Amino acid sequence: MNRVDALIVGAGAAGVGVGLALKRLGVNIHIVDRLGVGASFRRWPQETRFITPSFTANAFGLADLNALNPETSPAYSLGLEHPSGLDYARYLRALVQHYQLPFSKATVRGVQPLAEGFRVETSQGPLEARFLIWATGEFQFPQTSVPGASLGLHYGRVKSWAALEGNRFVVVGGYESGLDAAYHLAMLGKQVTVLDPQAPWEKRTGEPSVDTSPFTRERLHLALETGRLELRIARVSHLSRVNGAYRVHFRGGGLESPTPPILATGFDGGWAPVQHLFEWEGTTPLLREETDESTRTPGLFLVGPKVRHRGTAFCFIYKFRGRFPVVAQAIGERLGLDTGPLEVYRQKGIWADDLLSCCSSTCTC
């Protein structure tokens with residue numbers, strides 16, 4: 001049986017990023033993922049791009065917004081400002097190879113806490129670890145809670161917007177993925193209606209986890225100028241099939257669509273093996289603010305876009321990467337290691353340990 005200091009489940013941005021921070025301290029780590037390094041990014045729709053821009057500014061002490069450690073930059077590696085999913089997966093694989101992060105492809109089937117650490121049952125056999133880091137991300141787990149969702153097509157199941165047949169589409173959900181879908185379809189000459197009860201396209205709070213990004217707003221204006229995009233404020237109650245057509249129902253009416261409705265309804269977190277090891281507040285796992293550790297199970301950490309603190313979602317790479325050194329420091333200290341090598345994260349602005357400051361700032365103008 002193999003035993004490591006820290007087992008990381010998930011080889012996306014969160015898993016690879018926290019792995020880099022831990023290896024900097026000399027922690028004995030191993031990363032597992034059921035589909036391989038960067039699998040979620042490789043499954044993005046072909047046309048989808050990062051909404052956060054990449055720019056090489058390392059020499060000026062500013063980390064690329066999409067970089068996972070202080071010394072690298074996707075803008076430099078890829079030569080792209082808004083990488084595709086396939087592009088970013090290349091960056092992740094390069095990090096794993098260059099820094100020699102131990103990785104294997106395996107599916108986690110169960111997790112059992114031990115007196116000290118965890119026993120993790122995988123498709124490749126059992127592993128034991130002193131610490132367990134859950135970094136499964138979101139994209140591989142579409143959220144389909146809308147009644148009748150099986151009649152629709154979730155954003156996470158689309159391989160290419162250009163490959164969808166039909167000329168008229170209804171998109172359920174108007175945040176980033178919904179507006180991304182609407183943009184691509186409208187620019188392909190399709191008629192598109194977006195339905196959302198909160199009209200996120202109108203929000204201007206200064207908080208990136210609430211507002212749509214400038215990149216999305218810019219493209220939204222282009223799509224609206226075509227005259228083929230309609231934005232409507234409506235809460236969808238369910239989907240049905242009537243006389244061969246799809247119907248999207250909402251209070252006070254509904255819309256018919258000749259094509260399966262596009263569901264931009266968000267993503268879950270692949271919690272099944274560890275759900276019982278977290279306390280929950282609704283759909284949010286409760287974490288210790290100082291370590292991102294489960295309030296129920298010591299030694300179990302969460303990294304990635306599902307981290308929530310003080311009402312703020314750490315939903316973008318440039319936000320959740322700031323918690324990598326927080327987790328690494330907690331593990332390093334418990335192993336009796338020198339955590340000084342992590343200070344480079346603070347110097348480069350990749351250390352979000354002051355939650356009062358980082359979770360409450362808004363823009364003046």
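**Exercise 1. Decide whether Thr-339 is buried or exposed, and describe its surroundings.**

Solution. Thr-339 has a relative accessible area of 14%, and buried means under 20% relative accessible area, exposed over 50% and partly exposed in between, with a 1.4 Å probe and protein chains only; therefore Thr-339 is classed as buried. Next, its place in the chain is the loop between α8 (324–334) and α9 (343–347), where helices (H or I, at least four residues) and strands (E, at least two) are DSSP runs numbered from the N terminus. Finally, once neighbours within four places in sequence are set aside, Thr-339 is in contact with Leu-25, Gln-329, Gly-332 and Glu-333, contact being heavy atoms within 4.5 Å.

The model is a predicted one, in which local features need pLDDT of at least 70 and side-chain atom pairs count only at pLDDT 80 or more, while totals for chains, interfaces and linings use all residues. Residues are numbered from 1 along each chain as its sequence is written, and side-chain values use heavy atoms, with hydrogens and water left out.

**Exercise 2. Check the length of helix α1 against its expected span, and state how it is covered.**

Solution. The expected span of a helix is 1.5 Å times one less than its number of residues. For the twelve residues of α1 this gives 16 Å, and because the end C-alpha atoms are 17 Å apart, the two values agree. As for its covering, ten of the twelve residues of α1 are buried, among them Ala-13, Val-16, Val-18 and Leu-22. After α1 comes Gly-26, whose phi is positive, near 85 degrees.

**Exercise 3. Identify the residues with the most contacts inside the largest nonpolar core, and the helix that gives the most to this core.**

Solution. A nonpolar core is a set of buried Ala, Val, Leu, Ile, Met, Phe, Trp, Tyr and Cys residues joined through side-chain atoms within 4.5 Å. The largest such core has 94 residues, and those with the most contacts inside it are Leu-22, Phe-41, Leu-68, Tyr-88, Val-111, Leu-132 and Ile-133. Helix α1 (residues 13–24) gives the most to this core, with seven residues. Apart from this core lies another, of twelve residues, which include Val-172, Ala-234, Val-236 and Val-248.

**Exercise 4. Compare the settings of Gln-100 and Asp-292, each of which has a positive phi.**

Solution. Most residues other than glycine have a negative phi. Gln-100, however, has a phi near 55 degrees, and Asp-292 has one near 60 degrees. Gln-100 sits in the loop between α4 (85–98) and β3 (103–105), and with 60% relative accessibility it counts as exposed. Asp-292, by contrast, sits in the loop between β17 (287–288) and β18 (293–294), and with 0% relative accessibility it counts as buried.

**Exercise 5. Work out how β9 pairs with β10, and how the sheet of β11, β12 and β13 is ordered.**

Solution. Two strands pair if DSSP finds at least two bridges between them. Strands β9 (residues 191–196) and β10 (residues 229–233) run parallel and are joined by five bridges, one of which pairs Thr-193 with Glu-230 in β10. The open sheet of three strands has the order β11-β12-β13, with antiparallel pairing, and its edge strands, β11 (236–242) and β13 (253–257), each pair on one side only. Within this sheet, five bridges join β12 (residues 245–250) to β13, and Arg-247 has Glu-256 as its bridge partner in β13.
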